[in-house]
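Colleague: I've got the file open and I'd like to go through the labels with you. Could you show me the model and tell me what stands behind each one?

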Amino acid sequence: MKNDQQLSTDAGLWGTFGDFVGGLINPLIAYFAFYWLTQSVLIQKTELSETKDALIAAQLAQQEQASTALKAAALQSLSIRLNAINQEISFEQDILKFIISEAQRNGQQYTVMLPDGNQEKPLKAIPEIQNRLNELARKQNELIKSVEQLEVNT
């Protein structure tokens with residue numbers, strides 16, 4: 001202490017000094033608190049915007065994934081149906097080959113059991129089998145067109 005001055009023991013003087021220091025420091029603290037508050041609001045605003053963008057992107061990805069899954073299921077269904085028709089065509093072709101070979105070997109006295117249960121001579125059975133093959137080929141072409149259409153829309 002310079003000049004031999006002692007610190008005051010008067011509480012009133014210390015209260016006044018405290019008010020003075022508080023008057024200087026409180027506006028600084030209030031400014032920093034307000035600055036911190038505005039910065040946190042700006043950060044939250046940015047984060048909310050980024051979250052919104054991420055949610056929109058996720059929604060679009062899920063929609064695309066669902067669309068792809070739906071198309072894959074449709075394609076698989078068409079593929080199964082096409083395989084079934086191909087097997088039917090192969091079966092009908094085998095029957096046709098068998099009828100022709102038996103007719104060549106046994107002549108016209110040979111009869112063939114048709115799917116409807118009737119027995120016919122080979123020359124009468126062949127057109128019916130050809131009609132079934134034509135119908136199966138038509139269905140096969142329709143399914144192939146459906147597959148191509150599905151691939152075009154993908």
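Colleague: Which residues form the nonpolar patch on the surface?

Modeller: Keep in mind that this is a predicted model. The patch is made up of Leu7, Trp14, Phe17, Phe20, Leu24, Ile25 and Ile29, and together they have about 750 Å² of accessible area.

Colleague: Why is Phe17 called partly exposed?

Modeller: Partly exposed runs between the 20% that bounds buried and the 50% that bounds exposed. Phe17 has a relative accessible area of 47%, so it's partly exposed. You'll find Phe17 in helix α1, residues 11-106.

Colleague: And Trp14, what makes that one partly exposed?

Modeller: The reasoning is the same kind: Trp14 comes in at 42% relative accessibility, so it counts as partly exposed.

Colleague: How many aromatic pairs are there?

Modeller: The count comes to 2. In one of them, the ring centres of Trp14 and Phe17 are 6.0 Å apart and the planes sit at 85°.

Colleague: Why is that pair of Trp14 and Phe17 called edge-to-face?

Modeller: Two tests apply: ring centres must lie within 6.5 Å to pair, and planes over 60 degrees apart count as edge-to-face. With 6.0 Å and 85°, Trp14 and Phe17 pass both, so edge-to-face it is. Along the sequence, Trp14 and Phe17 are 3 residues apart in helix α1, which means about one helical turn between them.

Colleague: What makes Tyr31 and Phe32 edge-to-face?

Modeller: Their ring centres are 5.6 Å apart and their planes are at 65°, so that pair is edge-to-face as well. Phe32 counts as exposed, because its 54% relative accessibility is over the 50% cut-off.

Colleague: Let's go to the whole chain. What is its secondary structure?

Modeller: There are 2 helices and 2 strands, and along the sequence they follow the pattern α-β-β-α.

Colleague: How do you know that the chain is more spread out than a compact globule?

Modeller: For 154 residues the globule rule gives 15 Å, but the radius of gyration is 46 Å, well over that, so the chain is more spread out than a compact globule. The C-alpha atoms fill a box of roughly 145 × 25 × 25 Å along the principal axes. Buried residues make up 14% of the 154.

Colleague: Now the charges. Why is Glu135 with Arg138 called a salt bridge?

Modeller: The cut-off is a side-chain nitrogen within 4 Å of a carboxyl oxygen. The closest N and O atoms of Glu135 and Arg138 are 2.3 Å apart, so the pair qualifies. Arg138 also meets Glu142 in a salt bridge, at 2.2 Å from N to O. Arg138 and Glu142 are 4 residues apart in helix α2, which means about one helical turn separates them.

Colleague: Which residues are joined into one network by salt bridges that share partners?

Modeller: Glu92, Glu128 and Arg132. Within that group, Glu128 and Arg132 have their closest N and O atoms 3.3 Å apart, so they also fall within the 4 Å cut-off. In total the count comes to 4 salt bridges.

Colleague: Last one: where is confidence lowest, and where is it highest?

Modeller: Lowest is strand β1, residues 112-113, at a mean pLDDT of 68, and highest is α1, at 91. The chain averages 86, with 92% of the residues scoring at least 70.

Definitions and conventions
Residues are numbered from 1 along each chain as its sequence is written. This is a predicted model: local features need pLDDT of at least 70, side-chain atom pairs count only at pLDDT 80 or more; totals for chains, interfaces and linings use all residues. Side-chain values use heavy atoms; hydrogens and water are left out. Patches are made of residues with over 30% relative accessible area and no salt bridge: like charges are joined within 9 Å, nonpolar side chains (Val, Leu, Ile, Met, Phe, Trp, Tyr) within 5 Å. Accessible areas come from the Shrake-Rupley method with a 1.4 Å probe; for residues, only the protein chains shown count as cover. Buried means under 20% relative accessible area, exposed over 50%, partly exposed in between (1.4 Å probe, protein chains only). pLDDT is the predictor's confidence in each residue, from 0 to 100. Rings of Phe, Tyr and Trp (its six-membered ring) pair if their centres lie within 6.5 Å; planes under 30 degrees apart count as stacked, over 60 as edge-to-face and the rest as tilted. The radius of gyration is taken over C-alpha atoms; the globule rule is 2.2 Å times the number of residues to the power 0.38.
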